[in-house]
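Visitor: Got a minute to walk me through this one? I'd like to start with the metal.
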Amino acid sequence: MDNFELNKIAGAVLGGALAVVAISEIANIAVSPTFPEQNAYAIEVASTGGDSSAAAEVKEEGPSLGALLASADVAKGEKVFKKCSACHTTEEGGANKIGPNLYAVLDRAKASHAGFSYSDAMVSHGGTWTYEDLDAFLKKPKDFINGTKMSFAGLKKADDRADLIAYLRTLGTESTPLPAAE
Ligand code: HEC
C-alpha cells in the first residue's frame, strides 16, 4: 500500500464522518419542531354520560329538547323508528330481539327489561330513561354509554330525536310530563 492509497482511505473515512455530521445537522434543521400556541383544532368536550344533570348541562345550539318535544311530530317519529325496528319491538309484552322490547321505555329503569341480557356498561349506568338521557343516548349511543352493545351510530338531527322520543312516549307513557320548553 503506498501513500497515495492511504490518503485515499483517510479521505474516505474523513469524508464519511463529515457526511454523518452534515446529515444530522440538516435533519435537526429540517425537523426542528415549532409548536403553535393554540391547538389547531378545538377539542370537543362531550358529555361522558353519567347522570341526566350532566347531559342537561351540555348546552347545545338551537331549541331546547323541551321546545322540540313540544312541537314534535309523532307520525314522523314512528317513521324514524323504522331504523330501530330491526332490533326492537314496541308492543306491550313484545319479544326481545337483538335489543330489548321498548314498550314504556320512557322513565323505565335502565337495563331493566325482563329476559334481556344487557351489557355490563348498560347495567352499571344506572338511573331511568329520562327524556334527556334518551336524547343523549340516541344521539350517539357509544358516547353516552361507553361499552353499550347497541350497534347504532346515532341520530344526528335533534328534531329527528325529538320526534322519535315523542313517539316512544306514546308507548304507554303518554302521561309523562314533557320537559319545560324554555
Ligand atoms: C342493531 C340493533 C339495534 C338498533 C338498530 C337499535 N338498537 Fe337500541 N338496543 C340494542 C341493544 C343490543 C340494546 C341493549 C344495549 C346494551 O345492553 O348495552 C339496546 C338498548 C336500547 C335502549 C335501552 C333499553 C333499556 O331497556 O334500558 C333504548 C332506549 C334503545 N335501545 C332505543 C333504540 C332506538 C330508539 C333505536 C332507533 C333509533 C335503536 N335503539 C336502535 C340494539 C339496537
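Visitor: So which protein donors does the iron atom of the ligand have?
Guide: They are His88, through NE2, and Met150, through SD, lying 2.0 to 2.1 Å from the iron. Donors here are N, O and S atoms within 2.8 Å of the metal (3.2 Å for Na, K and Ca), and water is not among the atoms, so sites may look incomplete. Bear in mind that this is a predicted model: local features need pLDDT of at least 70, side-chain atom pairs count only at pLDDT 80 or more, and totals for chains, interfaces and linings use all residues. Residues are numbered from 1 along each chain as its sequence is written, and side-chain values use heavy atoms, with hydrogens and water left out.
Visitor: Where in the chain do histidine 88 and methionine 150 sit?
Guide: Histidine 88 is in the loop between α4 (74–80) and α5 (120–125), and methionine 150 is in the loop between α7 (141–144) and α8 (158–169). They are 62 residues apart, so the pair links distant parts of the chain. Helices are DSSP runs (H or I, at least four residues), numbered from the N terminus.
Visitor: And what's the geometry of the iron site?
Guide: Octahedral, with angles of 85 to 179° among its 6 donor atoms. That label needs opposite donors over 155 degrees apart and all others between 65 and 115.
Visitor: OK, which polar atoms of serine 119 and alanine 111 lie by a ligand oxygen?
Guide: For serine 119 it's a polar side-chain atom, 2.5 Å from an oxygen atom of the ligand. For alanine 111 it's a backbone N or O atom, at 2.9 Å. A polar backbone atom of lysine 149 is also 2.9 Å from a ligand oxygen. A polar contact is a pair of N or O atoms within 3.5 Å.
Visitor: How many residues surround the ligand?
Guide: 27, counting those with a heavy atom within 4 Å. Helix α6 (residues 131–139) gives the most, with 3 residues.

Conventions
A polar contact is a pair of N or O atoms within 3.5 Å; within protein, one must be able to donate a hydrogen and the other to accept it, and residues adjacent in sequence count only if both atoms are side-chain atoms. Helices (H or I, at least four residues) and strands (E, at least two) are DSSP runs, numbered from the N terminus. Four donors count as tetrahedral if all angles lie between 85 and 135 degrees; four count as square planar and six as octahedral if opposite donors are over 155 degrees apart and all others between 65 and 115; anything else is irregular.
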